[in-house]
Amino acid sequence: MKQYSATSLKSFTKQIFQKMGATTAQSQLAAEVLNLADLRGVDSHGVARLSGYVRLWEKKRLNACPEPSIVHETPSTAVMDGDQGPGLMVAPEAMKTAIEKAKIAGTGWVAIRNSNHYGIAGYHAMMALDHDMIGISMTNASPLVSPTFSKSRLLGTNPIAVAIPALTEPPVVIDMATTPVANGKLEVQHRKGEDIPEGWAQTREGSPTTDAEALKKGGAMLPLGSDRTHGSHKGYCLGGMVDIFSAVLSGANYGPWVPPFVAFLEPPAHQVGEGIGHFIGAMRIDAFRPAQEFKEHMDNWIKAFRSAEPIEPDQKVLVPGDPERALTHERLKNGIPLLEPVVEDLRNLGEQMGVPFHNA
C-alpha cells in the first residue's frame, strides 16, 4: 500500500466538499473529521468514505451546506435538527451546544435528528477535553446487525465514544462499535480479498461465516460478543441503548427504518423519523469535584493500568486511546496507507468533481 500525506488527503477532501456547495469552514471541518479517522487507524471511517457522501449528495439525500437548528431545549438539554447535513458537520455543532450548556448547568446533552453518517464517534467526544469536560458521543446507523437469537437486521454498528481528560497523561479515549468491528472492516477485508474472522457476521440463515461479502448476500453482522455464550446479549443491549438515545429520543429513524449510507439503496418507504440520529453529551468535571484533583487521580488511574503485569512480557497493557495515539504519531510522520481500490475510487471521484488527486 502506498502512503499518502495527511495534508494532501485533508486538502483533497476539503475541496470535494466545497465542490458540493459546503462553505469553507464546513468543508474544513468535514475534512478534519475524516482525516482524524485515518490518522487514528479507523480506516473504514476516513477518506475511504468520501465518495459515499458525494453519492448521497447526488441523490439529494444529503445537504452539503446545512444550517442545524435547535428545535427544543431546556437549560441542560436540546434537540437539534441537522437540516439533512453530513453528521461530520452537524455533530460538532451539537457538541458546541452541549459544552455551552455544561458551562452553565454542569452537564449538557443534545439529541440530534435529520442528520447523516458522522464519521468517528471519538472526534466529537474529544471536543470536550479542552474545556475540562468529559465528552460522550454516540450514533445509530444502517440496520446491518441482528439481535441475539435473530437473523433479522435491526440495528446498526451503533458506536459509543467517551473522552476523559487527565493532567500530565494523555486523555483516555474510548471509541468503539457495539459490534465486534465496524462495518467498514468487512469492506476493508473484501478489498484485500481476504476472509473475515468467525464471529463478525452470519449468513442469511443465521449460520457463522467468514465470507467478507456476507452482508451483500443477505447476511448480518453480529452484536459485540458474537453469540449468547460469549455475551452477545450485552452487545445487543448496548446497540439498542444507542439506538434509543440517538433516535427514539430525538425523532430520528431507529431500528430497521434507519436510511442506508450507500446511495444505491433507497431508505425504507415508511419512515418513522427524520434522517439518522446522534446523541452528544458534555459533563463539566468541577460539577462533581475540583478538575485539578480529578485529573491528578486520572493520571494515577492511567499509571496503575499501564503498570499492570502483562501475560506476555512483550505485550504491555494498554489504556484506551494508546493504539490510536501511537498510530497518529506514526502516520503524521510517514503518511496514511491507502488500499489501491480506495486510491482508484478517489482518483475517479477527483476526475468527476474536477479536483486532482495527488500526494503532496
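In the predicted model, Asp322 is found in helix H9, which comprises residues 322-334. With a relative accessibility of 12%, Asp322 counts as buried, because the threshold for burial is a relative accessible area under 20%. The side chain of Asp322 is engaged in a polar contact with the side chain of Arg306, at 2.7 Å.

A second aspartate, Asp175, is located in strand S7, formed by residues 172-176. Asp175 has a relative accessible area of 27% and is therefore partly exposed, since this class lies between the limits of 20% and 50%. When neighbours within four places in sequence are left aside, Asp175 is in contact with Ile120, Ala121, Gly122, Ile160 and Ala161. For Gly122, a polar contact can be specified, as the side chain of Asp175 reaches the backbone nitrogen of Gly122 at 2.9 Å. Ser246 stands 71 residues from Asp175 along the chain, and the C-alpha atoms of these two residues are separated by 16 Å.

Towards the start of the chain, helix H1 spans residues 6-19 and thus contains 14 residues. The distance from the first C-alpha of H1 to the last is 20 Å, close to the 20 Å expected at 1.5 Å a residue. Within H1, the residues Ala6, Ser8, Leu9, Phe12, Thr13, Ile16 and Phe17 are buried. Viewed down the axis of H1, these buried residues fall within an arc of 165°, so that they line one face of the helix. H1 is followed by Gly21, for which phi is positive, near 110°.

Note on methods: Residues are numbered from 1 along each chain as its sequence is written. This is a predicted model: local features need pLDDT of at least 70, side-chain atom pairs count only at pLDDT 80 or more; totals for chains, interfaces and linings use all residues. Side-chain values use heavy atoms; hydrogens and water are left out. Helices (H or I, at least four residues) and strands (E, at least two) are DSSP runs, numbered from the N terminus. The expected span of a helix is 1.5 Å times one less than its number of residues. Buried means under 20% relative accessible area, exposed over 50%, partly exposed in between (1.4 Å probe, protein chains only). The arc is that of the directions from the helix axis to the C-beta atoms. Contact means heavy atoms within 4.5 Å. A polar contact is a pair of N or O atoms within 3.5 Å; within protein, one must be able to donate a hydrogen and the other to accept it, and residues adjacent in sequence count only if both atoms are side-chain atoms.
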